Amino acid sequence: MTLAAKISLGCIADDYTGASDLANTLTRAGLRTVQTIGVPADDLALPEVDAVVVSLKSRSIEAGLAVSRSRAADQWLRSRGAGHVLFKICSTFDSTVSGNIGPVMDALRADAGEGAVLVTPAFPETGRTVYQGNLFVGAVPLNESPLKDHPLNPMHDSNLVRVLARQSRTQIGLVDLATVARGADAVRARLAELAAKGIGAAIIDAVFDRDLEAIGLVAAEHRLSVGASGIGLGLARALVSTGNVKPARAGGETGTAVGGPAACLAGSCSQATLQQIANAERVMPVLHLDPDRIITGGGEAQRALDWARPRLAEGPVLIASSATPDQVAALQARHGRDAAGHAIEQAMADIAENLVKSGVQRLIVAGGETSGAVVDRLKIPGFLVGVEIAAGVPVLHSVGGKADMQLALKSGNFGGAEFFADALRLMR
Ligand SMILES: Nc1ncnc2c1ncn2[C@@H]1O[C@H](COP(=O)(O)OP(=O)(O)OP(=O)(O)O)[C@@H](O)[C@H]1O
Ligand SMILES: O=C(O)[C@@H](O)C(=O)CO
């Protein structure tokens, strides 16, 4: 990849929807941003940018692999001049006792020679706030939110100091909201105090965007931070306010229209996605896949394609594997959690690949793991960020691939009740 000037901010995202969420936030804050799929190939030509978000699919893989892939991304970003790298995790801190947030943070911290790393998944625009180290999703603590039923990484503890301590080799501290409210100097002093005690990372509270601006100013003076789009916003605003980046027009790429048939694929089982699918039934044909048949090799992807192809000329279609928490639990009990998740993701990738062969150039995918499987199969090297469909979900324009495509990669919990119709209206 050839980048004309050095980049100001490097980002490593642990899934593809999270990467486009962050790329969207950085773009809106005035940073020219590109999202790459994996560590870019050296010959991938891309425009001059301020920030690169390398998308990995490392949230739910074995911790050692997540570490090695994240380190490779970090080395690439540093070699392109990134002085600061943000490790982008989910705003609901999706992870398990074995990782992968802690192990990746530990490795990147050692590589960067960082003292204490600031960590926050706060993203107030989507209702994620952190107080006294506890993560709230809307009005409820994380462990009472729908994330308690997540198919891959159910979250049962809202205290992130505890959660991260279980995953990391370093001690975890807290920078509380009272400190953040006193501004960047107070945060700086508290972080230095923690680092002096040998504490390697601190969860930092944030409830409003102004908190993230103070956090961003301090984080930007360091080499590494960990968090969701909120700290991305803080970092971007810090880079602009300190004159390190000259802000670009903050509207995103308008891109050229691609036209042609459009399709939606949903593999997310979040409450938000289930509601969005129910509402989509009123405006487009919806096919509900049979997950048992996918796992036992019953030709379900072919059935979906046979269903979709004759309908595409009439308008968009939606194909969903999504199910309620009870149905997900029952399926996992029959087939195993990982086997079920993997088989369904690959079926979605088969369907996407064949829909694109049938002419689809506008594709909406719901779910981070699902999006990862689909985008990998389509071999799209990167995206430029277009208009915003909903908080954290932009229209993406493919770059560097064979076909011109527009995609929307929706994080499971994001988007309004009419998300699919909203997206289709903006994808031309
Ligand atoms: N009916 C089902 N039963 C069990 N698992 C399913 C079913 N449908 C989809 N899955 C699996 O559930 C997982 C959903 O994860 P995915 O990351 O795609 O969505 P999400 O977690 O809601 O989104 P995000 O990570 O963006 O918040 C995938 O592994 C998918 O294959
Ligand atoms: O931060 C979020 O919630 C999202 O960008 C995400 O990572 C969901 O997969």
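This report on a predicted model covers the surroundings of ligand 2, the cysteines and histidine 84.

## Shell around ligand 2

Eleven positions need to be named to describe the surroundings of ligand 2: Asp15, Thr17, Gly18, Asp21, Arg59, Lys88, Ile89, Cys90, Ser91, Ser411 and Phe414. Sorted by class, the shell holds four charged, four polar and three nonpolar residues. Helix α1, which spans residues 16-28, supplies three residues to this shell, the most of any contributor.

## Polar pairs and cover of ligand 2

Three side chains place a polar atom close to an oxygen atom of ligand 2. For serine 91, the distance from a side-chain N or O atom to a ligand oxygen is 2.6 Å. For arginine 59, a polar side-chain atom lies 2.7 Å from an oxygen atom of the ligand. For lysine 88, the separation between a side-chain N or O atom and a ligand oxygen is 2.9 Å. Taken on its own, ligand 2 has 270 Å² of accessible area, and the protein covers 94% of that area.

## Cysteines

The whole structure contains zero disulfides. A disulfide would require two cysteine sulfur atoms within 2.5 Å. The sulfur of cysteine 11 cannot meet this cut-off, because the closest cysteine sulfur, that of cysteine 90, is 16 Å away. Cysteine 11 is buried, its relative accessible area being 0%.

Cysteine 90, listed above in the shell of ligand 2, is also without a partner, because its closest cysteine sulfur belongs to cysteine 269 and lies 15 Å away, too far for a bond. With a relative accessibility of 13%, cysteine 90 is classed as buried, since the limit for that class is under 20%.

## Histidine 84

Histidine 84 is part of strand β4, which covers residues 84-88. Lysine 88, whose side chain has an N or O atom 2.9 Å from an oxygen atom of ligand 2, falls within the residue range of this strand. Histidine 84 is buried, with a relative accessible area of 5%.

The side chain of histidine 84 makes a polar contact of 2.8 Å with the side chain of serine 225. Leaving out residues up to four places away in sequence, histidine 84 touches Ser8, Leu9, Gly10, Arg78, Ala219, Ala220, His222, Arg223, Leu224, Ser225 and Leu235. Serine 225 thus appears both in this contact list and as the polar partner of histidine 84.

Note on methods
Residues are numbered from 1 along each chain as its sequence is written. Chains are lettered from A and ligands numbered from 1 in the order in which they are written. This is a predicted model: local features need pLDDT of at least 70, side-chain atom pairs count only at pLDDT 80 or more; totals for chains, interfaces and linings use all residues. Side-chain values use heavy atoms; hydrogens and water are left out. A residue is near a molecule or strand if one of its heavy atoms lies within 4 Å of it. A polar contact is a pair of N or O atoms within 3.5 Å; within protein, one must be able to donate a hydrogen and the other to accept it, and residues adjacent in sequence count only if both atoms are side-chain atoms. Accessible areas come from the Shrake-Rupley method with a 1.4 Å probe; for residues, only the protein chains shown count as cover. Helices (H or I, at least four residues) and strands (E, at least two) are DSSP runs, numbered from the N terminus. Ala, Val, Leu, Ile, Met, Phe, Trp, Tyr, Cys and Pro count as nonpolar, Asp, Glu, Lys and Arg as charged, and the others, Gly among them, as polar. Buried means under 20% relative accessible area, exposed over 50%, partly exposed in between (1.4 Å probe, protein chains only). Contact means heavy atoms within 4.5 Å.
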